Amino acid sequence: MEKLDILAFGAHPDDIELGCGGTLISQAAMGRKTGAVDLTRGELGTRGSAELRMEEAAAAGRIMGLTARENLGLRDGFFGIDEESRLAVIRAIRKFQPDIVLAPAVTDRHPDHGRGALLVREAAFLSGLQRIPTDIDGETQQAWRPRVVYHYHQYYTNEIHFVVDISAHFEKKMEAVKAYGSQFYDPSSKEPSTLISTPAFLDHIRSRAVDMGHYIGAEYGEAFLGHRFVGVDDIAVLR
């Protein structure tokens, strides 16, 4: 186990790349240790397979420069905000001890995203309670509560609390997204067409980043929502 500075959670492989991949890449470039945890293997996806998506997730993780990536193997489409799921996320948080957690969108088209958002936020709090025992391979874990939880945007545009400038890293973000060749546009694919497998969807990802960047005077940006007050020492550092 290596302590991480930032740990991102996604309901499915590729959620993290789409929602906060540029932010993870930029933070890794600054020397911070970043990681990703996918809640499910995305086995209900129309295209590809769970096994292939695991391979694609590993490739995308290398592109993003992640220190670690894991999959909790919760049930795609049917995981609950129950004790079993909470404990699985708590174990991951206590294992990597992140200061910052990035979580799915609070409201979105896919029900797993909003449910995953609440699951991660609740588990991040519960992870700090010493009287919730967890272990990995028989070794008792210590309680750990991340300093903050931020929610990235996904298909819907949610409330925006701040935007991260990812201009220098946007093309690498798109490289990580395209590592999921089974999910996104491939003119040679014979699989059924989906909302995200068209060229227009990749254009949407780029235009969303341009739009978010516009708010802060940057070429590309990623937006986040946080359930906290943001404090600064110098108002001039805000764009």
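Colleague: What makes you say that both faces of strand 4 (residues 100-103) are covered?

Modeller: This is a predicted model, so take what follows as computed from it. On one side of strand 4 sit Ile-100 and Leu-102, on the other Val-101 and Ala-103, and all of them are buried. In a regular strand the side chains alternate between the two faces of the sheet.

Colleague: Why is Val-101 called buried?

Modeller: Val-101 has a relative accessible area of 0%, and buried means under 20%. Therefore Val-101 falls in the buried class.

Colleague: Which residues does Val-101 touch, leaving aside those up to four places away in sequence?

Modeller: Val-101 touches Leu-7, Phe-9, Val-120, Pro-146, Val-148, Val-149 and Tyr-150. Leu-7 is 94 residues away along the chain, yet its C-alpha atom and that of Val-101 are separated by 5.0 Å. Val-149 in strand 7 also stands opposite Val-101.

Colleague: How do you know that strand 4 pairs with strand 7 (residues 148-152)?

Modeller: Two strands pair if there are at least two bridges between them, and strand 4 and strand 7 have 4 bridges, in the parallel sense. Strand 1 (residues 6-10) pairs with strand 4 over 3 bridges, also parallel. There, Ala-8 stands opposite Leu-102.

Colleague: What is the order of the strands in the open sheet?

Modeller: The sheet has 7 strands in the order 3-2-1-4-7-9-8, with mixed pairing. On average, neighbouring strands are turned by 25 degrees against each other, direction ignored.

Colleague: Why do strand 3 (68-74) and strand 8 (162-165) count as standing at the edges?

Modeller: Strand 3 and strand 8 each have a single partner strand, so one side of each is left without a neighbour in the sheet. For strand 3, 5 bridges join it to strand 2 (residues 34-40), and the two run parallel. One bridge pair there is Thr-40 with Leu-74.

Colleague: What does helix 2 touch where it packs on the sheet?

Modeller: Helix 2 touches strand 2 and strand 3, and its direction makes about 150 degrees with that of strand 3.

Colleague: Why is helix 2 (residues 50-64) called roughly antiparallel to helix 5 (residues 170-178)?

Modeller: Their axes come within 8 Å and cross at roughly 165 degrees. Angles over 145 count as roughly antiparallel, so helix 2 is roughly antiparallel to helix 5. The crossing is right-handed. Ala-60, Ile-63 and Met-64 of helix 2 make the contact with Lys-172, Glu-175 and Ala-176 of helix 5. These residues divide into 4 nonpolar, no polar and 2 charged.

Colleague: And why is helix 3 called oblique to helix 4 (residues 111-126)?

Modeller: The axes of helix 3 and helix 4 come within 9 Å and cross at roughly 60 degrees. Roughly parallel needs an angle under 35 degrees, and roughly perpendicular needs 65 to 115. The value of roughly 60 degrees lies outside these ranges, so helix 3 is oblique to helix 4. This crossing is right-handed.

Colleague: Which residues of helix 3 and helix 4 make that contact?

Modeller: Helix 3 contributes Ser-85, Arg-86, Val-89, Ile-90, Ile-93 and Arg-94, and helix 4 contributes Leu-119, Val-120, Glu-122, Ala-123, Ala-124 and Leu-126. They divide into 8 nonpolar, 1 polar and 3 charged. Val-120 is also among the residues that Val-101 touches.

Colleague: Why does Glu-191 count as partly exposed?

Modeller: Glu-191 has 35% relative accessibility. Buried means under 20% and exposed over 50%, so a value in between makes Glu-191 partly exposed. Glu-191 lies in the loop between helix 5 and helix 6 (199-215). Leaving out residues up to four places away in sequence, Glu-191 touches Thr-46, Arg-47, Gly-48 and Ser-182.

Colleague: What makes Asp-137 exposed?

Modeller: The relative accessible area of Asp-137 is 80%, and exposed means over 50%, so Asp-137 is exposed. Asp-137 sits in the loop between strand 5 (135-136) and strand 6 (139-140).

Colleague: What is the phi of Asp-137?

Modeller: Asp-137 has a positive phi of about 55 degrees although it is not a glycine. Gln-97 also has a positive phi, near 45 degrees, and is found in the loop between helix 3 (83-96) and strand 4.

Note on methods. Residues numbered from 1 in each chain as written. Predicted model: local features only at pLDDT ≥ 70, side-chain atom pairs only at ≥ 80, totals over all residues. Heavy atoms only, no water. Axes fitted to C-alpha atoms, helices over the stretch in contact; angles between N-to-C directions. Left-handed = near helix turned anticlockwise from the far one by under 90°. Contact = heavy atoms within 4.5 Å. Nonpolar A, V, L, I, M, F, W, Y, C, P; charged D, E, K, R; others polar. Buried < 20%, exposed > 50% of the residue type's maximum accessible area, 1.4 Å probe, protein only.
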